[in-house]
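This report describes selected parts of the fold shown below, element by element, with attention to how the helices and strands are arranged. The reader may wish to keep the structure in view while going through each part.

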Amino acid sequence: MRLLHTSDWHLGQSFMGKSREKEHQVFLTWLLEVIEDENINVLIVAGDIFDTGTPPNYALELYYNFLTKLSLSSCENIIITAGNHDSIATLKAPKQLLQALNIHVIVSGDADENEVIEIYNKEKLEGIVCAVPFLRDYVVRQSVSSQTMDEKEYSLTEGIKEHYEHLYKEAFTLADGKDIPIIATGHLTTVGSKTSESEREIYIGGTLDIDSGFLGKYFDYVALGHLHINQKVGSEHVRYCGSPIPLSFSEASSQKKVNIVEFDKKAMSVRELDIPLYRPLLAVRGDLSSILKELEVVEDKSTWIEVHLNDANPFHANQVIREKAEELELILLAVKIERVEKALHAEDFDVISLDELKPLDVFERRIEKDALEDEAFVKELIGHFKQVVSEVQNR
């Protein structure tokens with residue numbers, strides 16, 4: 001059995017006002033070719049198919065065109081799970097139609113969804129996938145009044161663990177003693193994993209006490225989504241595949257990959273396959289002189305560039321950099337001025353662009369202005385704010 005693990009497509013992403021349509025189109029065309037060339041039996045997409053709950057029409061078209069072509073390929077088992085960015089309604093609408101094409105779409109993990117999927121090859125059971133989507137709070141945690149934030153985080157962690165344990169027991173029973181792999185998916189942040197700037201917190205408090213040891217002791221391979229950097233977490237068989245294109249400048253130097261997993265009964269091997277880069281991202285840091293030198297040597301004119309400027313005369317430097325980029329016919333998306341306070345020699349001059357801040361950063365700055373001394377109260381207040389943000393973002 002050959003499995004391809006991908007995730008975090010984020011179709012429809014608007015990147016500083018720029019569309020990623022062409023990049024995603026190239027990736028999906030490449031992915032179809034890989035599935036055929038590598039004789040993939042099982043495709044797993046571990047969440048965040050779309051970037052928002054209301055994706056643009058072109059993103060939906062890319063998705064459905066890909067699935068239509070995929071249904072005609074040699075890949076007979078397609079498993080798609082929802083991520084925190086995905087709308088349950090959007091993914092669920094064509095679910096029954098897609099199932100007729102043997103495309104399994106798991107959106108919430110509710111009791112009425114079948115998350116345990118059997119993988120057959122010519123009527124022979126070859127493996128079982130516990131297709132776990134992003135588990136929203138209401139699915140795994142019973143609401144209890146007067147719980148502290150720590151108690152809510154603990155309840156959430158335990159609820160997610162119980163969810164996986166329950167599915168494993170069901171899969172183990174279905175395996176009926178056969179020497180076949182039991183695979184799981186997930187869309188969450190595990191302990192010890194590497195994050196990038198483009199991911200957002202998806203649970204209360206942002207932290208789950210779930211590590212590779214917990215997942216790895218049950219499953220023969222764990223196909224994770226949510227983090228955008230390809231990585232294994234603690235164990236060889238617990239892995240994030242990462243996003244197929246860089247979703248922030250912090251990922252500019254990260255080689256994007258998919259994971260190809262091959263099973264001989266339960267024996268497993270993983271090969272990371274590099275995804276061709278269609279459009280480079282480049283983050284340039286320094287003073288005016290060093291930045292101008294770096295812009296001069298940019299060869300690929302399709303590169304999207306972000307400048308982080310640290311200069312004694314930042315506003316003049318900003319203008320010069322923009323004029324130079326235009327002269328060189330480069331695509332400059334942003335110039336971010338660093339350490340403005342020092343540059344202007346004004347200790348109380350606090351200038352920063354909102355696009356450099358996350359909602360939590362703004363909230364924490366507001367709390368700092370009130371100089372609250374009760375640390376327990378501040379932690380509780382921040383926890384409630386995170387919960388509100390999570391509920392808004394994950395609707």
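## Helix 9 and the sheet beneath it

In this predicted model, helix 9 lies across strand 16 and strand 17, and its direction makes an angle of about 170 degrees with that of strand 17. An angle over 145 degrees counts as roughly antiparallel, so helix 9 and strand 17, at about 170 degrees, fall into that class. Strands 16 and 17 belong to an open sheet of three strands, ordered 15-16-17, in which the pairing is parallel. The edges of this sheet are taken by strand 15 (281-286) and strand 17 (331-337), and because each of them has a single partner strand, one side of each is left without a neighbour in the sheet. On average, and with direction ignored, neighbouring strands of this sheet are turned by 20 degrees against each other.

Within the sheet, strand 15 and strand 16 (residues 304-309) run parallel and are joined by six bridges. One of the pairings can be given by residue: glycine 286 has leucine 309 in strand 16 as its bridge partner.

## Helix 8 against helix 9

Two packed helices are described by the angle between their axes and the distance between the axes. For helix 8 (residues 288-296) and helix 9 (residues 314-327), the axes come within 11 Å and cross at roughly 10 degrees, which makes the two helices roughly parallel. Helix 8 contributes Leu288, Ile291, Leu292, Leu295 and Glu296 to the contact, while helix 9 contributes Ala317, Val320, Ile321 and Lys324. Sorted by class, the residues of this contact comprise seven nonpolar and two charged ones, with no polar residue.

## Strand 4 and its partners

Strand 4 (residues 42-46) is largely enclosed by the rest of the structure, since five of its five residues are buried. In a regular strand the side chains alternate between the two faces of the sheet. Here both faces are covered, with Val42, Ile44 and Ala46 buried on one side and Leu43 and Val45 buried on the other.

Strand 4 pairs with strand 1 (residues 2-6) in the parallel sense through four bridges, and leucine 4 stands opposite leucine 43 in this arrangement. Strand 4 also pairs with strand 5 (residues 77-81), again in the parallel sense, over five bridges, with valine 42 opposite asparagine 77. Together with helix 2, strands 4 and 5 make a right-handed β-α-β unit.

## Helix 1 against helix 2

The helix of that unit, helix 2 (residues 57-71), is packed with helix 1 (residues 21-37), their axes coming within 11 Å and crossing at roughly 10 degrees. Helix 1 and helix 2 are therefore roughly parallel to each other. The contact joins Glu21, His24, Gln25, Leu28, Leu31, Leu32 and Ile35 of helix 1 to Tyr58, Leu62, Phe66, Lys69 and Leu70 of helix 2. Divided by class, this contact holds eight nonpolar, two polar and two charged residues.

## The six-stranded sheet and proline 244

A further open sheet is formed by six strands in the order 7-8-9-10-12-11, with mixed pairing. Strand 7 (116-121) and strand 11 (231-232) stand at its edges, and because each has a single partner strand, one side of each is left without a neighbour in the sheet. Inside the sheet, strand 10 (residues 221-225) and strand 12 run parallel and are joined by three bridges, and valine 222 stands opposite valine 238 of strand 12.

Proline 244 is placed in the loop between strand 12 (238-240) and strand 13 (257-264). Is proline 244 buried or exposed? Its relative accessibility is 5%, and proline 244 therefore counts as buried. Apart from neighbours within four places in sequence, proline 244 is in contact with Ser7, Asp8, Trp9, Phe27, Lys256 and Ile275. Isoleucine 229 lies 15 residues from proline 244 in sequence and 9.4 Å from it in space, taken from C-alpha to C-alpha.

## The chain as a whole

The secondary structure of the chain comes to 12 helices and 17 strands, and 52% of its 395 residues count as buried. Among contacts with a separation of 6 or more, 70% are between residues 24 or more positions apart.

Terms used:
Residues numbered from 1 in each chain as written. Predicted model: local features only at pLDDT ≥ 70, side-chain atom pairs only at ≥ 80, totals over all residues. Heavy atoms only, no water. Axes fitted to C-alpha atoms, helices over the stretch in contact; angles between N-to-C directions. Parallel < 35°, antiparallel > 145°, perpendicular 65-115°, else oblique. Contact = heavy atoms within 4.5 Å. Nonpolar A, V, L, I, M, F, W, Y, C, P; charged D, E, K, R; others polar. Buried < 20%, exposed > 50% of the residue type's maximum accessible area, 1.4 Å probe, protein only. Pairing = 2+ DSSP bridges. Right-handed = clockwise from strand over helix to strand, strands pointing away.
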